[in-house]
Amino acid sequence: MWRKLLLIGVVGALHAHWIDAFAAPSPAGTTATASAQILFPDSGMTPRGVALVIGNGDYPDHALENAPRDAMRIRDALAARGFDVITRTNASPQAMKLALAEFARRLRHGGTGVFYFAGHGFQLANATMLLPSGVDARVPASLVKDGLNLDAALQAMSAPRAHKLNLVILDTCLNNPFDAANTGDIAPPARTMIAYATAPGGFAADGPRGGVFTDALLHELSGASAHDATALFARVAANIRAATDGKQRPRVVSSFDEKLAAGAVGHDAIQPTRMYVTSADTEAPITLHSRGILPKDSSEQYELTFWDSIKDSTYPSDYEAYLKAYPNGRFATLAHARIDRLRAAAKTQTTPEATRTAPAATLPPLPPEKPRTTTAAPVPAPSAPSATAPAKAAPPAVVASRAANNGESRDCAACPVMVSLSPGSFTMGSATDDPSEKPVHHVTIEAPFAIGKYEVTIEQWNACVDAKACPALSSNNNPSKTAPARDLSWDDAQVYVKWLAKTTGKPYRLPTEAEWEYADRGGTTTQYWWGDKMVKGTANCKDCGNPWHTEGPENVGMFAANPFGLHDMNGSVWEWVSDCWHNSYQGAPTDGHTWDAPGCDMRVIRGGSWREGANYMLTSTRFRYSSSVRQSQDGFRVARDLK
């Protein structure tokens, strides 16, 4: 029963504000002051309100079972109190726009307007975006193009009307998948209160049957017939902080009075009345980050994911969406150029049909997609690498014995040290929630091969530079000659292995993705080659223990070798492999060969880097990058056929 009191109680707050604002003088002759009290009005109180209630949960990448259910319960509560309720669940972009238009039309008759949204949301600069059903976070442009800006809902409620009061309740996340630092507040219009489940840049959690924010607010409203709004939301915030260990912090902004307009509600000094999740399962788990867009990519990688998804588009709106997300992004110049070219091409068409069907054919070619320029940095003359490997710590115990190999070799003084591996079989992929690592499948490496004991170092790369075969490294690189060479594209790596093959007369190349994982596992079957749990000091990543420095990876060989005698397979720098990127292993070869595709420009990188956390160090972790783009975390190690 208490769930039905959510909007009854909060709408009462708006009616109370309206009553206070137009109160007659008191018997003593003094004017009643605005009280910010939330009251429970009679069902017959006029004017009747109009509400738009939306609950979206049908998302391809991250479905939300609770959001539509919460919307239906709120619909019932409002309808029981005489509200004119427009309800949409799992609404498409068009359905949400049409519902807003209907909402604005009905509000012209006056009264309180209530807009409620439960579902996925995110922050884009100072805009709050609410996602329609069906929008896929793996297609970043659709988030920006199809997301409903909260401003549209506020605009629908903004027209002058009798007894105007507005309430917006958002049980959604407000993280920014494009730039975590690019968040901010939205100033509410006149006579409007906005209640957020979390602060800008934050995440909202789900309980077993409803949003934690909604549950906590319902609980507080069910306790009495009147509340001070500031105190009520402070208690809600305190309860949610306690239930989520401080990871979720609700926020209320209001243009009603100074107390609420101040912004953040709830202070550390305010204690929760009780730790509360739902009406039934108080011990049920809370799912943190449940209502936010959570790409596995880092911010830098997600920008490349965004660009890769639109770079062949013939629609200006796709590039405009990119510029909204990344106004100063690495591809901003190219995006502006493509928009100009597409619009110029459209103007040359004589009919609307021609404009829609043939703009791309009239476009002149774009410049190569290498937005990051590499500045030639002075490099010292190369000296021959030491014949002895860097000192290493004793490797931790592993669950499988080392497979047979044929020892180490080096084909020239400046060549990488190679470790020879015998043929063998292993299980590739994982059953985690990352679809790109599925299905788990059996792979047999049919021929022996050699792979670099370390990643290609700065000294080794500079030998190619001195031969005028490779471009100079960027200034991002550590001056230490034994640091891994990085800020290199897949194309750069191909230049190096071709030079190395020509110099030595040996068939050097990049390892295939299957060879890379076979080598990294080292005969083990656990999540990491050292076991199923992260062990401090086994990899070069930001929470994997010392040594670690934020500005760059450590020198190669500073961490223990895996059972095959290979160093830094996990962490240090992402490593290019030869394969084209595919979204899953469905149809992948099972013989260890390269999985390629005609015209492929998105290649696989493996192993994580020093800038990622421990969850990227798993042997199965894989990601992709545009083959022509240099990125500060990307390097490689080489492979060589032994036949």
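## Buried salt bridges, aromatic pairs and strand pairing

Arg-622 is buried, because its relative accessible area is 1%, and this value, like those that follow, comes from a predicted model. The side chain of Arg-622 forms a salt bridge with Glu-513, and the closest N and O atoms of the two are 2.7 Å apart. Arg-622 belongs to strand S20 and Glu-513 to helix H15 (residues 513-521), so this salt bridge ties together parts that are 109 residues apart in sequence. Glu-513 also counts as buried, because its relative accessibility is 3%.

A further salt bridge involves helix H15, where Glu-517 meets Arg-606 with the closest N and O atoms 2.8 Å apart. Since Glu-517 lies in helix H15 and Arg-606 in strand S19, the pair ties together parts that are 89 residues apart in sequence. Glu-517 counts as buried at 0% relative accessibility, and Arg-606 is likewise buried, with a relative accessible area of 0%. These residues do not stand as isolated pairs, for Glu-513, Glu-517, Arg-521, Arg-606 and Arg-622 are linked in a network of salt bridges.

The count for the model comes to 22 salt bridges, and one of them joins Asp-312 and Lys-311, with 3.8 Å from N to O. Are the two partners of that salt bridge buried or exposed? Asp-312 is exposed, with a relative accessible area of 64%, whereas Lys-311 is buried, with a relative accessible area of 5%. The three salt bridges described here are set out below.

| Salt bridge | N to O distance |
|---|---|
| Arg-622 and Glu-513 | 2.7 Å |
| Glu-517 and Arg-606 | 2.8 Å |
| Asp-312 and Lys-311 | 3.8 Å |

### Aromatic pairs

A search of the whole structure finds 19 aromatic pairs. Among them, Phe-306 and Tyr-326 are arranged edge-to-face, with 5.9 Å from centre to centre and 80° between the planes. Phe-306 lies in helix H9 (residues 299-310), while Tyr-326 lies in the loop between helix H10 (316-325) and helix H11 (332-347), so the pair ties together parts that are 20 residues apart in sequence. Both Phe-306 and Tyr-326 are buried, and they belong to one aromatic cluster that is formed by Phe-306, Trp-307, Tyr-319, Tyr-322, Tyr-326 and Phe-331.

Another aromatic pair, that of Trp-574 and Phe-623, is tilted, with 6.3 Å from centre to centre and 45° between the planes. Trp-574 lies in strand S18 (residues 574-580) and Phe-623 in strand S20 (residues 622-626), so the pair ties together parts that are 49 residues apart in sequence. Trp-574 counts as buried because its relative accessibility is 0%, and Phe-623 counts as buried at 4% relative accessibility. The ring of Phe-623 also has the charged end of Arg-624 over it, 4.5 Å from the ring centre.

### Strands S18, S19 and S21

Strand S18 is mostly covered, in that seven of its seven residues are buried. Strand S18 pairs with strand S21 (residues 634-635) in the parallel sense over two bridges, and the bridge partner of Trp-574 in S21 is Asp-634. With strand S19 (residues 602-606), by contrast, strand S18 pairs in the antiparallel sense over three bridges. In S19, Arg-603 is the bridge partner of Cys-580, and Arg-603 also lies over the face of Trp-490, at 4.2 Å from the ring centre.

### Strands S14 and S15

Strand S14 (residues 424-428) and strand S15 are joined in the antiparallel sense over five bridges, with Thr-444 of S15 as the bridge partner of Ser-425. Which residues of strand S15 (residues 441-445) make up its covered face, and which its uncovered one? His-441, Val-443 and Ile-445 form the covered face, whereas His-442 and Thr-444 form the uncovered one.

### Lys-145 and its surroundings

Lys-145 lies in helix H4 (residues 140-146) and is partly exposed, with a relative accessible area of 37%. Leaving aside residues up to four places away in sequence, Lys-145 touches Ser-317, Asp-318 and Ala-321, and a polar contact of 2.6 Å joins the side chains of Lys-145 and Asp-318. The C-alpha atom of Lys-145 is separated by 9.4 Å from that of Tyr-322, although the two residues are 177 residues apart along the chain. Tyr-322 is itself one of the members of the aromatic cluster that includes Phe-306 and Tyr-326.

Key: Residues numbered from 1 in each chain as written. Predicted model: local features only at pLDDT ≥ 70, side-chain atom pairs only at ≥ 80, totals over all residues. Heavy atoms only, no water. Buried < 20%, exposed > 50% of the residue type's maximum accessible area, 1.4 Å probe, protein only. Helix = DSSP H or I, 4+ residues; strand = E, 2+ residues; numbered from the N terminus. Pairing = 2+ DSSP bridges. Phe/Tyr/Trp six-rings, centres within 6.5 Å; stacked < 30°, edge-to-face > 60°. Lys NZ or Arg CZ within 6 Å of the ring centre and 35° of its normal. Contact = heavy atoms within 4.5 Å. Polar contact = N/O pair within 3.5 Å; in protein donor to acceptor, adjacent residues only side chain to side chain. Salt bridge = Lys/Arg side-chain N within 4 Å of Asp/Glu carboxyl O.
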